[in-house]
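Reader: Please take a close look at a single part of this model, and then place that part in its surroundings. I would like each cut-off stated where its term comes up.

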2 protein chains.
Amino acid sequence: MFKKSTVEVLDTTLRDGSQTANIGFTLKDKIRIALELDQLGVDYIEGGWPGSNPKDKEFFSMIKKVSLSKSRIAAFGSTRRKDISAKGDVSLNSIIDSDVEVAVLFGKSWDLHVKDVIKSTLEENLEIVYDSIYYLKSHGLSVIFDAEHFYQGYIENSEYATKVIKTAQDAGADVIVLADTNGGTTPYEVFEITKSVSEQISVRLGVHMHNDIGCGVANSILAIKAGATHVQGTINGIGERTGNADLIQIIPTVFYKMGMNILNGEKSMVKLKEISRLVYELAGINPNPYQPYVGDNAFTHKAGVHVDAVMKIPRAYEHINPQMVGNRRKFVISEVSGTSNLVSYLKELGIELDKKDPRLKTALEMIKEKENTGYSFDIAPSSAVLIVFKALGIYQPFIKLDYWKVIGESSGLSIAVVKVNSELEVAEGVGPVHALDKAIRSALTKVYPEVSSIKLTDYRVILPGEVKNTESLVRVTIEFSDGTMVWKTEGVSTNVIEASVLALIDGLDYYLQVNKKIKGALSSLEV
Amino acid sequence: MFKKSTVEVLDTTLRDGSQTANIGFTLKDKIRIALELDQLGVDYIEGGWPGSNPKDKEFFSMIKKVSLSKSRIAAFGSTRRKDISAKGDVSLNSIIDSDVEVAVLFGKSWDLHVKDVIKSTLEENLEIVYDSIYYLKSHGLSVIFDAEHFYQGYIENSEYATKVIKTAQDAGADVIVLADTNGGTTPYEVFEITKSVSEQISVRLGVHMHNDIGCGVANSILAIKAGATHVQGTINGIGERTGNADLIQIIPTVFYKMGMNILNGEKSMVKLKEISRLVYELAGINPNPYQPYVGDNAFTHKAGVHVDAVMKIPRAYEHINPQMVGNRRKFVISEVSGTSNLVSYLKELGIELDKKDPRLKTALEMIKEKENTGYSFDIAPSSAVLIVFKALGIYQPFIKLDYWKVIGESSGLSIAVVKVNSELEVAEGVGPVHALDKAIRSALTKVYPEVSSIKLTDYRVILPGEVKNTESLVRVTIEFSDGTMVWKTEGVSTNVIEASVLALIDGLDYYLQVNKKIKGALSSLEV
């Protein structure tokens with residue numbers, strides 16, 4: 001018998017997550033994600049739908065070759081077709097052929113779908129469910145039965161929906177999963193229905209939620225409160241339409257707020273941000289900065305009163321310590337922020353200042369002025385820090401860009417010519433920004449060899465505003481890293497190349513200011 | 001006495017929303033948003049915090065000059081400081097000076113904040129709450145009292161938290177709002193606490209939720225279910241950290257799922273997508289395609305089985321009709337999608353094909369091949385449609401790009417030279433893409449004058465993957481419009497300019513294919 005205080009996790013990032021518009025994983029990506037999910041301590045990894053596409057089939061044969069420490073691999077598929085025996089059903093057999101320990105089988109529990117989508121009868125569908133589960137069980141598989149559209153089915157015909165899951169239980173299903181496939185069930189309905197079902201089912205009860213009314217996470221939490229001990233979802237909530245329930249948000253709430261066991265406990269919690277980032281990267285979509293728990297802004301404070309209070313007592317405006325999910329606290333520099341935010345930034349650089357220092361007020365004025373021209377420093381604080389250094393009088397002019405020019409831009413290579421600190425340099429690259437980056441650095445490395453260790457880790461072009469054209473203002477943000485420190489700068493111009501050059505120069509400049517001189521100069525400053 | 005079946009909406013996009021990292025509205029933006037909120041039928045518009053910054057003060061004097069049809073403007077502020085009378089408190093007087101009908105006053109209800117943040121006593125804080133409300137009421141204002149951190153306060157000291165809101169009621173507050181300021185309260189706690197409070201309070205009860213554990217929307221819905229009839233939030237859920245509860249998601253659930261009155265009913269619901277977009281645009285952030293109800297993918301179907309079923313019975317995989325919130329259904333073209341998706345695209349263009357047509361299979365193969373090289377057609381379907389036209393044999397070569405070259409790129413203007421359909425053209429522009437766009441069009445307009453009416457409405461550069469550098473593959477997507485039709489294309493290359501040219505050419509080509517020839521050619525085709 002399963003323990004009521006432990007919640008099992010089935011991750012379907014590789015299957016339901018692959019059904020997201022804009023997202024497609026390569027086979028290599030899928031293997032990498034599976035390995036990370038295993039490290040995280042996920043109980044089941046739903047690897048794909050072997051009956052539906054060849055990439056998924058390959059996944060199952062590849063994953064056999066690696067040894068996993070905890071996770072069990074599951075293959076997804078549908079109950080048998082009507083008018084055919086389970087033994088003769090291609091889809092069921094492809095699950096068996098994929099040679100996994102666990103099958104996730106979805107079947108109909110909403111009478112509308114039985115009658116109007118698969119054009120069967122209510123009685124026949126019960127046989128379909130029974131046969132399909134029985135067949136897989138007799139081949140030695142564990143079977144997780146996903147009752148598709150269960151909540152809607154229950155609301156419209158509770159007797160039939162209940163009959164379907166009882167049939168699945170009778171056929172030997174190990175876990176019965178209630179799915180809100182259309183994602184439109186309200187939280188109070190989810191709680192009541194799950195509670196009622198949990199009193200009628202003796203095997204482990206699970207839930208599979210979608211986010212169509214923005215309640216995917218809360219519905220999962222409420223279902224667990226009502227008795228479910230198995231939860232399905234995806235990393236970052238990727239999935240059909242508005243997505244599946246986001247495991248990244250569910251898991252820490254179950255552990256920290258509900259006090260139940262999940263994954264490998266604390267050891268897993270601190271990895272949540274990291275795995276969230278990996279999946280964004282492989283999916284090729286930008287991380288959501290506002291994502292609960294792991295977003296870059298999840299513990300970012302902007303209003304002056306919040307910053308003041310958090311600096312005294314973090315829990316005044318933080319529901320948990322950000323480190324508990326691998327995240328960190330940030331303060332924003334912007335026109336509405338106060339000098340406290342600047343103070344906290346400078347502190348990280350080893351510069352201790354009082355928030356009433358008049359030079360900080362000057363710095364804020366200069367920042368506001370720049371923001372009026374299209375800059376937004378909260379996304380690229382290092383460009384703002386350069387302004388603060390100027391206001392404090394500790395800025396040193398390491399880089400002087402005399403001019404830059406890109407010549408010979410064609411389908412092939414670009415050639416850039418720059419004059420930096422009176423050094424004339426030329427470089428070629430794939431695209432003008434690449435060529436400029438190379439030319440500027442080769443001019444600088446002569447005097448500052450340390451700039452060669454700087455890597456560009458992200459480059460983005462944004463039109464600030466939705467409806468724009470090629471003549472509009474563009475904002476380029478660049479992220480840099482030297483292996484230990486990460487910093488972001490920005491440039492704004494109507495010309496995308498000029499904006500890129502501004503951000504590039506700021507990034508190199510910031511590095512020199514912070515690492516080469518500022519620290520040494522500190523002792524001689526009245527700070 | 002208020003009606004239990006009507007839910008009042010207070011929008012705080014202009015106040016709490018302005019506290020979002022990365023977002024800052026201009027005064028003009030704020031006025032425009034207020035006018036749209038009034039049109040939407042919002043009951044209260046919280047315009048700002050007059051005591052905290054000058055931009056907010058200006059807003060209140062500007063908004064007096066326009067006439068609103070329904071909304072009442074509210075000013076936000078804190079209860080009086082300790083050791084000062086209400087009469088002498090700058091913040092309270094700035095609310096009065098802003099000359100609004102309604103004040104939203106926030107005060108402490110969590111004993112931790114009383115003792116450790118404002119360093120007061122529990123008794124003194126009750127006096128602060130009472131005095132502040134009484135003072136504003138005596139100046140003829142309606143007062144909405146926001147009990148900051150109410151849920152946490154209640155969990156740690158329910159007696160005191162309850163005493164605070166009863167004091168507010170005694171002082172004459174018109175609405176008592178329970179705030180989950182840190183956003184960490186679980187849905188079941190919210191339901192229970194709200195229910196218990198609603199039995200003890202006789203004035204209107206409201207809620208103000210944050211999204212730190214991903215439950216902002218569900219918590220608002222549950223609080224309404226438990227008796228609240230006033231809900232606060234922001235458009236798109238913008239706000240401190242992970243944001244406020246998203247009104248765009250709460251409103252349609254209250255109306256369509258809970259069957260309660262809200263805003264101007266159906267008339268307001270169909271405007272939800274439009275106002276969501278406006279706020280994204282003015283905030284300068286990209287719309288979230290996965291946003292419930294209004295996201296571009298909210299009713300986008302990718303899996304073949306889903307598309308098949310939705311084409312027969314929409315409610316099989318849609319919780320409501322997308323038009324009910326001003327959205328629309330879409331099908332995705334991608335490597336995992338089937339030919340049904342292509343059929344539905346072609347149908348929109350007036351081309352009726354059977355999903356078993358072998359040419360569609362060829363088209364899908366060609367699409368998959370391109371996707372392997374970095375394309376992702378679900379974000380730019382028009383580039384995929386061009387491939388389908390080729391597979392169908394109805395593509396006509398209107399545009400032949402002989403070569404392109406950008407010369408003289410410097411801080412000033414770029415000059416582009418192109419040879420298109422044997423026409424040599426030169427143009428200058430701000431940045432290479434702008435120059436190329438102009439040159440290509442001037443070559444084309446000689447033969448196809450209609451291309452001059454095409455506008456570029458969006459231009460984006462994405463590195464598919466998070467950690468990249470200036471040498472990586474880039475994907476450029478461009479959105480075009482001719483005033484009635486909107487279409488999107490993409491180009492992929494290591495060179496951002498080449499990728500832009502590919503997307504530009506595809507966009508002009510698509511327009512010519514669809515509008516100039518395809519329709520005429522249809523009659524002669526075996527389709």
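Author: Ser414(A) stands opposite Gly429(A) in E15(A), where strands (E, at least two residues) and helices (H or I, at least four) are DSSP runs numbered from the N terminus. This is a predicted model, in which local features need pLDDT of at least 70 and side-chain atom pairs count only at pLDDT 80 or more, while totals for chains, interfaces and linings use all residues. Residues are numbered from 1 along each chain as its sequence is written, and chains are lettered from A, and ligands numbered from 1, in the order in which they are written.

The bridge just named belongs to a ladder between strand E14 (residues 414–420) of chain A and strand E15 (residues 423–429) of chain A, which pair in the antiparallel sense over seven bridges; two strands pair if DSSP finds at least two bridges between them. E14(A) and E15(A) form a hairpin with two residues between them, and Asn421(A), which sits in the turn, has a positive phi of about 50 degrees. Most residues other than glycine have a negative phi. Elsewhere in chain A, Asp99(A) has a positive phi near 60 degrees, and its place is in the loop between helix H3 (90–97) and strand E4 (102–108). Lys119(A), with a positive phi near 50 degrees, lies in the loop between helix H4 (111–117) and helix H5 (122–138) of chain A.

For the surroundings of these residues, a residue is buried if 20 or more other C-beta atoms lie within 10 Å of its own, exposed if 12 or fewer, and partly exposed in between, with C-beta atoms placed from the backbone. Asp99(A) counts as partly exposed because it has 13 C-beta neighbours inside 10 Å, whereas Lys119(A), with 9 other C-beta atoms within 10 Å, is exposed.

The chain that carries the hairpin has 18 helices and 18 strands, and 56% of the 527 residues of chain A count as buried. The C-alpha trace of chain A spans about 85 × 55 × 45 Å along its principal axes. Chain A is divided into domain 1 (6–283) and domain 2 (401–524), the bounds coming from an automatic or database domain assignment, and 47 Å separate the centres of the two domains, taken over C-alpha atoms.

Turning to the packing, the largest nonpolar core has 198 residues, and those with the most contacts inside it are Ala74(A), Ala103(A) and Ala74(B); such a core is a set of buried Ala, Val, Leu, Ile, Met, Phe, Trp, Tyr and Cys residues joined through C-beta atoms within 7 Å. A second, separate core of 120 residues includes Trp487(A), Ile333(B), Ile367(B) and Leu436(B).

Between the chains, 98 residues of chain B are in contact with 99 residues of chain A, two residues being in contact if their C-beta atoms, placed from the backbone, lie within 7 Å. Strand E16 (residues 455–462) of chain B gives the most to the side of chain B that touches chain A, with six residues. That side divides into 37 nonpolar, 37 polar and 24 charged residues, where Ala, Val, Leu, Ile, Met, Phe, Trp, Tyr, Cys and Pro count as nonpolar, Asp, Glu, Lys and Arg as charged, and the others, Gly among them, as polar.

One residue in contact across the two chains is Tyr317(A), found in the loop between helix H13 (304–312) and strand E11 (330–331) of chain A. Tyr317(A) counts as buried because it has 25 C-beta neighbours inside 10 Å. Leaving aside neighbours within four places in sequence, Tyr317(A) is in contact with His301(A), His306(A), Ala309(A), Val310(A) and Asn182(B). The C-alpha atoms of Tyr317(A) and His301(A), 16 residues apart along the chain, are separated by 8.6 Å.

As for how the copies are related, a rotation of 180 degrees with 0.1 Å of shift along its axis superposes chain B on chain A (RMSD 0.1 Å), which is the relation of a two-fold axis; the least-squares superposition uses the C-alpha atoms of residues with pLDDT of at least 70 in both copies. Since 100% of the interface residues of chain B are also interface residues in chain A, the copies meet through the same surface.
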